[in-house]
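Welcome, and let us take a walk through this structure together. We will go from one spot to the next and look at what surrounds each of them.

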Amino acid sequence: MNPGNAQSPVPTGAVFRARGLVKSYQRGADTVTALDRVDLQLEYGEVVALVGPSGSGKSTLLNVLCGWERPDAGTLDWDDDLGGARADRMRWDQLAVVPQSLALLAELQGAENVLLPARTRKQIAQWTQPAGDLMERFGIDQLAKRLPDQMSLGEQQRCSVARALLLSPNLLLADEPTAHQDSGWTEVLFTAMRDLAAHHGACLIATHNPATWQYADRIVSMADGRLTEGAPADHI
Ligand SMILES: Nc1ncnc2c1ncn2[C@@H]1O[C@H](COP(=O)(O)OP(=O)(O)O)[C@@H](O)[C@H]1O
Ligand SMILES: [Mg+2]
């Protein structure tokens with residue numbers, strides 16, 4: 001299923017189908033409904049922008065999809081070709097995440113962080129060149145031997161995106177992946193994510209920057225935990 005594997009058939013259809021996802025948090029006496037009966041399906045080959053104001057539930061949705069949080073209700077069905085696996089048991093070549101926190105490993109150098117998905121498969125030698133190419137494309141090749149705390153936030157973010165893209169995952173979940181980039185690097189990162197989709201990986205990208213919507217095939221909007229198709233009403 002890895003698009004990088006010429007033996008694999010081109011994947012088609014839905015990567016996942018989420019139906020009626022609900023997630024609430026208790027805050028003192030108040031209940032915050034972060035996800036309110038969310039339905040969403042992503043097809044292989046599409047880039048979907050997940051937009052909405054701060055606090056609308058974008059990160060919660062990504063966290064539920066990648067298995068870091070459990071929904072209170074609803075169903076999440078994965079494509080059979082992903083083994084019907086639970087998201088939190090998927091491999092980096094199936095599901096890759098760019099969390100808002102970036103989640104680089106502080107004790108690993110830049111190139112080691114980017115190569116982490118290959119390391120977990122014991123395939124470092126095979127992926128060293130592709131990792132170097134990706135780092136060069138993202139302008140971080142000079143940082144190969146630097147620790148994350150010796151990089152700017154923007155550079156760390158480009159490292160985190162490179163790590164996620166290295167094995168051409170079936171699905172990329174990215175939470176504000178260009179929040180720390182100027183328009184030039186934003187274009188480079190979105191173009192790389194579009195390239196993944198061109199090889200039939202799907203991308204769900206939370207972004208509050210309308211300038212990035214041009215890179216999406218489809219926009220879904222969140223407001224108060226509700227998800228609707230299309231750009232928010234105040235942007236149409
Ligand atoms: N762990 C948590 N505990 C309590 N409330 C939370 C938690 N995570 C998110 N929330 C609340 O859920 C709502 C949606 O948050 P979030 O998904 O982070 O929105 P967004 O990513 O769109 O900014 C917000 O009101 C937020 O404060
Ligand atoms: Mg968020």
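Threonine 207 is a good place to begin: its relative accessible area is 3%, so it is buried. Please keep in mind as we go that this is a predicted model. Threonine 207 sits in the loop between S7 and S8, and its side chain has polar partners. One of them is the backbone nitrogen of asparagine 209, reached at 3.2 Å. Another is the side chain of threonine 212, with which the side chain of threonine 207 makes a polar contact of 2.8 Å. If we set aside the neighbours within four places in sequence, threonine 207 is in contact with Ala49, Leu50, Val51, Glu176, Thr212 and Trp213.

One name in that list, Val51, takes us to our next stop. Valine 51 belongs to strand S3, which covers residues 47–51. Is valine 51 buried or exposed? Its relative accessibility is 1%, so valine 51 counts as buried. Not counting residues up to four places away in sequence, valine 51 touches Lys58, Thr207, Trp213, Ile219, Val220, Ser221, Met222 and Pro232. The chain also brings valine 51 and histidine 208 together in space: they are 157 residues apart along the chain, yet 5.5 Å separates their C-alpha atoms.

Lys58, touched by valine 51, also appears among the residues around ligand 1. Which residues make up the surroundings of ligand 1? They are Tyr25, Arg27, Val32, Ala34, Pro53, Ser54, Gly55, Ser56, Gly57, Lys58, Ser59 and Thr60. Some of these residues bring polar atoms to the oxygen atoms of the ligand. A polar side-chain atom of threonine 60 is 2.6 Å from an oxygen atom of ligand 1. From the backbone, glycine 55 places a polar atom 2.7 Å from an oxygen atom of the ligand, and serine 56 has a polar backbone atom 3.2 Å from an oxygen atom of the ligand.

Let us turn to the aromatic rings. A pair of aromatic rings is described by the distance of the centres and the angle of the planes. The model has 2 aromatic pairs. In one of them, the rings of phenylalanine 190 and tyrosine 215 have centres 5.0 Å apart and planes at 20°; planes under 30 degrees apart count as stacked, so this pair is stacked. The pair links distant parts of the chain, since phenylalanine 190 is in helix H6 (residues 183–198) and tyrosine 215, 25 residues away, is in the loop between strand S7 (202–206) and strand S8 (218–223). Both partners are hidden from the surface: phenylalanine 190 counts as buried at 3% relative accessibility, and tyrosine 215 is buried with a relative accessible area of 14%.

Another ring has a charged neighbour. Arginine 158 lies over the face of tryptophan 185, 4.1 Å from the ring centre. Arg158 is also one of the buried residues of H5, so that helix is our next stop. Helix H5 runs over residues 153–165 and has 13 residues; from its first C-alpha to its last it reaches 18 Å, close to the 18 Å expected at 1.5 Å a residue. Why can we call H5 largely enclosed by the rest of the structure? The reason is that 11 of its 13 residues are buried. Among them are Gly154, Cys159, Val161 and Leu165. The buried residues of H5 pack against strand S5 (95–98), helix H2 (110–114), helix H3 (116–120), helix H4 (124–137), strand S6 (171–175) and H6.

Following the chain onwards from H5, we meet serine 168 in the loop between H5 and S6. Most residues other than glycine have a negative phi. Serine 168, however, has a positive phi of about 50°. Serine 168 is partly exposed, with a relative accessible area of 22%. Lysine 122, in the loop between H3 and H4, also has a positive phi, near 55°. At 77% relative accessibility, lysine 122 counts as exposed.

Our last stop is aspartate 39, in strand S2 (residues 30–43). Aspartate 39 is partly exposed, at 42% relative accessible area. A polar atom of its side chain lies 2.7 Å from the backbone nitrogen of glycine 20. Apart from neighbours within four places in sequence, aspartate 39 is in contact with Ala18, Arg19, Gly20 and Leu227. The C-alpha atoms of aspartate 39 and arginine 19 are separated by 4.4 Å, with the two residues 20 apart along the chain.

Definitions and conventions
Residues numbered from 1 in each chain as written. Chains lettered and ligands numbered in written order. Predicted model: local features only at pLDDT ≥ 70, side-chain atom pairs only at ≥ 80, totals over all residues. Heavy atoms only, no water. Phe/Tyr/Trp six-rings, centres within 6.5 Å; stacked < 30°, edge-to-face > 60°. Helix = DSSP H or I, 4+ residues; strand = E, 2+ residues; numbered from the N terminus. Buried < 20%, exposed > 50% of the residue type's maximum accessible area, 1.4 Å probe, protein only. Lys NZ or Arg CZ within 6 Å of the ring centre and 35° of its normal. Expected span 1.5 Å × (residues − 1). Contact = heavy atoms within 4.5 Å. Near = heavy atom within 4 Å. Polar contact = N/O pair within 3.5 Å; in protein donor to acceptor, adjacent residues only side chain to side chain.
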